[in-house]
Amino acid sequence: MPEKLEEEYLELVEDILENETFLKLKNYHHHSSSIYEHSLRVSYFSYKVAKTLEMDYHAVARGALLHDFFTYDWRDYKKNKNNKNHGLEHPKTALRNARKHFTVCSKQKDIILKHMWPKVLGVPKYKESVLVTMVDKYCATEEFYEGFNEVVMKKVKIFAQIS
Ligand SMILES: [Fe+2]
Ligand SMILES: [Fe+2]
């Protein structure tokens, strides 16, 4: 993630980044960081690609930022056997939360609801939705291995100290 985000990008998503409920995402673990950090990465990278490819970067930046707008720790959620499947349900929760706080156009709605494709049924309707689903998977994989490497390196250091 670059240290300084483009001014134009920040203007597009300013209201979301300042929203009190959205800021709560900083408190919830996701992959190796927080939902806030993960969503910001997915949104910024998707925005950069969308601009280069002359896609609707406005819908991409906002839809991607809101794609995981759920305010709970999914690890706790999964412990309750009465809860529905997190992977299938959280896009719907994210859309509900997004609509509660912001105006969501049909393209943003599709980006949020289909970002788990092909796990969720329904093919993405727009090329912008396809882009975000791909960038989300890329970022999630990268974040997962960052976390994995950290754990491995910790173990290596402990092993080096005792041997
Ligand atoms: Fe997600
Ligand atoms: Fe995500």
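Is Asp68 buried or exposed? In this predicted model, Asp68 is buried, because its relative accessible area is 2% and the cut-off for a buried residue is under 20%.

Asp68 also belongs to a metal site, since the iron ion (ligand 1) is coordinated by Asp68 through OD, by His90 through NE2 and by His115 through NE2, at 2.1 to 2.2 Å. Along the sequence, these donor residues of the iron ion (ligand 1) follow the spacing D-x21-H-x24-H. Distant parts of the chain are linked by the pair Asp68 and His115, which lie 47 residues apart. A second metal is involved as well: the iron ion (ligand 2) lies 3.6 Å from the iron ion (ligand 1), and Asp68 coordinates both.

The table sets out two of the donor residues with their accessible areas.

| Residue | Relative accessible area | State |
|---|---|---|
| Asp68 | 2% | buried |
| His115 | 0% | buried |

As for where these residues sit, Asp68 is in the loop between α4 (57-65) and α5 (74-79), while His115 is in the loop between α7 (106-113) and α8 (127-162).

Helix α4 in turn packs against helix α3 (residues 35-52), and the axes of the two come within 8 Å and cross at roughly 165°. With angles over 145 degrees counted as roughly antiparallel, α3 and α4 are therefore roughly antiparallel to each other, and their crossing is right-handed. The contact includes Leu40, Val42 and Tyr47 of α3, together with Tyr57, Val60 and Leu65 of α4. By character, the residues of this contact of α3 with α4 divide into nine nonpolar, three polar and one charged.

Notes:
Residues numbered from 1 in each chain as written. Chains lettered and ligands numbered in written order. Predicted model: local features only at pLDDT ≥ 70, side-chain atom pairs only at ≥ 80, totals over all residues. Heavy atoms only, no water. Donors = N, O, S within 2.8 Å, 3.2 Å for Na, K, Ca; no water. Helix = DSSP H or I, 4+ residues; strand = E, 2+ residues; numbered from the N terminus. Buried < 20%, exposed > 50% of the residue type's maximum accessible area, 1.4 Å probe, protein only. Axes fitted to C-alpha atoms, helices over the stretch in contact; angles between N-to-C directions. Parallel < 35°, antiparallel > 145°, perpendicular 65-115°, else oblique. Left-handed = near helix turned anticlockwise from the far one by under 90°. Contact = heavy atoms within 4.5 Å. Nonpolar A, V, L, I, M, F, W, Y, C, P; charged D, E, K, R; others polar.
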